[in-house]
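Student: Could we go through this model together? I would like to begin with the pockets and then turn to the aromatic rings.
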Amino acid sequence: MTHDIQALDRAHYLHPFSDFKALSEEGSRVIVSAQGVYIVDDQGNRILDAMAGLWCVNLGYGREELVDAATRQLRELPYYNSFFKTTHPPAVRLAEMLCRLAPAHINRVFFTGSGSEANDTVLRMVRRYWALKGRPDKQLVIARENAYHGSTVAGMSLGGMAPMHAQGGPLVPGICHIRQPYWFGESNGQDPEAFGRDCAAALEERILALGEERVAAFIAEPVQGAGGAIIPPESYWPAVKAVLDKYDILLVVDEVICGFGRLGEWFGSMHYGLEPDLMPIAKGLSSGYLPIGGVLVGDRVAETLIEEGGEFFHGFTYSGHPACAAVALKNLELMESEGIIERVRNDLGPYLARRWAELATHPLVGEARSLGLIGALELVDPATGERFDKSLGAGNLCRDICFASGLVMRSVGDTMIISPPLVIAHHEIDELVDKARAALDETARRLANTPTPPLQETLA
Ligand code: PXG
C-alpha cells in the first residue's frame, strides 16, 4: 500500500512548495488519518501535529460536528453560485456571524476559496476604492519583506519572499516592501522597543519617498507566520497605526493565520487594537476541513464600493460555497460555544509560554518566543551563540529529527516554529515541549558530529 501510493505519488503528483526531483527521489510520507492533535501515517505512527496541518486545523482533527455540517449541506444544496442575484443560507449566515465577531466597523464580507484569492481580492478592492474616490494615482501598496500573502501572482507580489519573487516575475507592479520587525534576526541587539519604532519609521520614510498621494494601502500580518513566527516588539503596531492615521492610507491586516483564535482573540487585529479597513481570512475559518477564505471589508471601503461602484467585476466559482460555508459556520459556532478563544488567551497561551520559555536555556536556542498558540525557537551554534552556517541546514535537520520522533515542528531556515491546534491539552503541550527538547539534543549531537545511531523511526 505504502509502496503503491509512494510510487504513484512520484509518478504523477507535483507537490506544492517542493523540489520535485528531490522529493521524488526521497519519497513522501503518507498520512492516512488524524484525531485530536495527532496525525497518523501509513506505518501506524502517531505524530503530534504542532503545526495544525498548515496553521489551520484550529479545532483539531476528527470533529464529527464539522463532518455532519458538511454532509447535511452537501445533501441539501451541494453547490450554487451567488453571482446572478441569487444567494443561499449558509453563506449568508456565515457572513452575519463573521461581521458580529469582527471589529464593530466591519459589516461586510466577500468570500473566496483561499487566502491567496482573498489577497488578490484585497488588491483589486484597494485600487478600486481609490479610483472611485477620484484618486486614480493612489495605487501603490506597501508590504513587508519576508511577509507571506499567498502564492497566486498577486499574493506572492504582495508577499515579500525573495525566492518566490525570483521565480515568479514579472511581479504585479506598484507593490514595494519595507523592512520587517524581526528583532532576533535583524536588530543587531538594539533595544527591542526602539527597534520596533525604527521599523515603523521605515513605513513613514517610504510613504514620504513615494509621495503620500500615491500610496493606497499598507498590508501586514499581525504576527508573521510563514516568515518564521515573527512577533513584533510591543512598540511596533501602535507606531504603525500612528503613521497610517497621519496619512490617508488604508490598513490591510492579513488574518489568514492570526485570525480565529491563534493569538487568543477572534482576530490578531484585536490583540493589537487595530481597526483595519480590510482583513483577508482563510485557514482557521473552517479549521481547514474544507477550503474557504474571504475578505472582511470595513464600512469605509464597503460603502464606497456599494454606493459609488456599480458592478465589481470580480468573483470566484466557489465564492461562498455552500458546504464550505456550512462547515465554517459550525466551526465558528463551536469555537464560540466551547470558549476556545478565551481558553487560548487565559489558559493555553500562558501555559505554552511558560513551558516554551524553558527551552531558551537549551544551548542550541538563541531565543524562545510565543504569543497565544504560536511559537518559535531560534537555533544558534552553542560554540559562538551566533547563527549556524546556512549550508549546515540545522533547521531542516531538527525538523526531520522531530518528525522521526513523533512531532511536527516546522523549520523556516534555522527558526523552528509551532502553531498547534487550539484544542491542545496541557499534557499534550508537555509532550510537545519534551519532544522538542529531545530533538534539540539530538540536533546538537549531530551538528557536533558526535557519533550517534542512524536516524530511525522511533515511534511507538
Ligand atoms: N496570507 C497568509 C498570512 C498566509 O499564511 C496566505 C495568505 C495564503 O493562503 P492560501 O489559502 O492561499 O494558502 C497564507 C498561507 C508555510 C505556508 O510554509 C504558509 C501558508 C501557505 C503555504 C505554506 O508556512 N500560508
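Tutor: Certainly. This is a predicted model. Its second largest pocket has a volume of about 900 Å³.

Student: Which residues are closest to the centre of that pocket?
Tutor: Ser 82, Val 109, Phe 110, Phe 312 and His 314 are the closest, out of 28 residues that line the second largest pocket.

Student: And which element gives the most to that lining?
Tutor: Strand β4 does, with 4 residues. The elements that each supply at least two residues are α5 (89-101), β4, α6 and α13.

Student: How does the lining of the second largest pocket divide by class?
Tutor: It has 16 nonpolar, 9 polar and 3 charged residues.

Student: Let us change topic. How many aromatic pairs are there?
Tutor: The count comes to 8 aromatic pairs. One of them joins Phe 110 and Phe 312, with 6.3 Å centre to centre and 80° between the planes.

Student: Why is that pair classed as edge-to-face?
Tutor: The angle between the planes is 80°, and planes over 60 degrees apart count as edge-to-face, so the pair falls in that class.

Student: Where in the chain do the two rings sit?
Tutor: Phe 110 is in strand β4 (residues 106-112), whereas Phe 312 is in the loop between α13 (299-308) and α14 (322-337). The two are 202 residues apart, and the pair thus links distant parts of the chain. Both Phe 110 and Phe 312 are also among the residues closest to the centre of the second largest pocket.

Student: Which residues form an aromatic cluster?
Tutor: Tyr 236, Trp 237 and Tyr 272 form one aromatic cluster.

Student: Which charged side chains lie over ring faces?
Tutor: Arg 46 lies over the face of Tyr 38, at 3.8 Å from the ring centre. Lys 138 lies over the face of Trp 130, at 4.7 Å from the ring centre.

Student: Back to empty space, then. How many cavities of 30 Å³ or more are there?
Tutor: There is 1 such cavity. About 30 Å³ of space lies in the largest cavity.

Student: What lines the largest cavity?
Tutor: Its lining consists of Val 122, Leu 123, Val 126, Val 141, Leu 158, Ala 217, Ile 219 and Val 252. Two elements, α6 (115-132) and β7 (215-220), give two or more residues to this lining. The largest share, 3 residues, comes from α6.

Student: And which classes are represented there?
Tutor: The lining of the largest cavity has 8 nonpolar residues, with no polar and no charged ones.

Key: Residues are numbered from 1 along each chain as its sequence is written. This is a predicted model: local features need pLDDT of at least 70, side-chain atom pairs count only at pLDDT 80 or more; totals for chains, interfaces and linings use all residues. Side-chain values use heavy atoms; hydrogens and water are left out. Rings of Phe, Tyr and Trp (its six-membered ring) pair if their centres lie within 6.5 Å; planes under 30 degrees apart count as stacked, over 60 as edge-to-face and the rest as tilted. A charge sits over a ring if NZ of Lys or CZ of Arg is within 6 Å of the ring centre and within 35 degrees of the ring normal. On a 1 Å grid over the protein atoms alone, a cavity is a set of points where a 1.4 Å probe fits but cannot get out, and a pocket is an open set with protein on both sides within 12 Å along at least five of seven lines; lining residues have an atom within 4 Å of a point. Grid points are joined across faces, edges and corners, and a volume is the space filled by probe spheres set on the points. Ala, Val, Leu, Ile, Met, Phe, Trp, Tyr, Cys and Pro count as nonpolar, Asp, Glu, Lys and Arg as charged, and the others, Gly among them, as polar.
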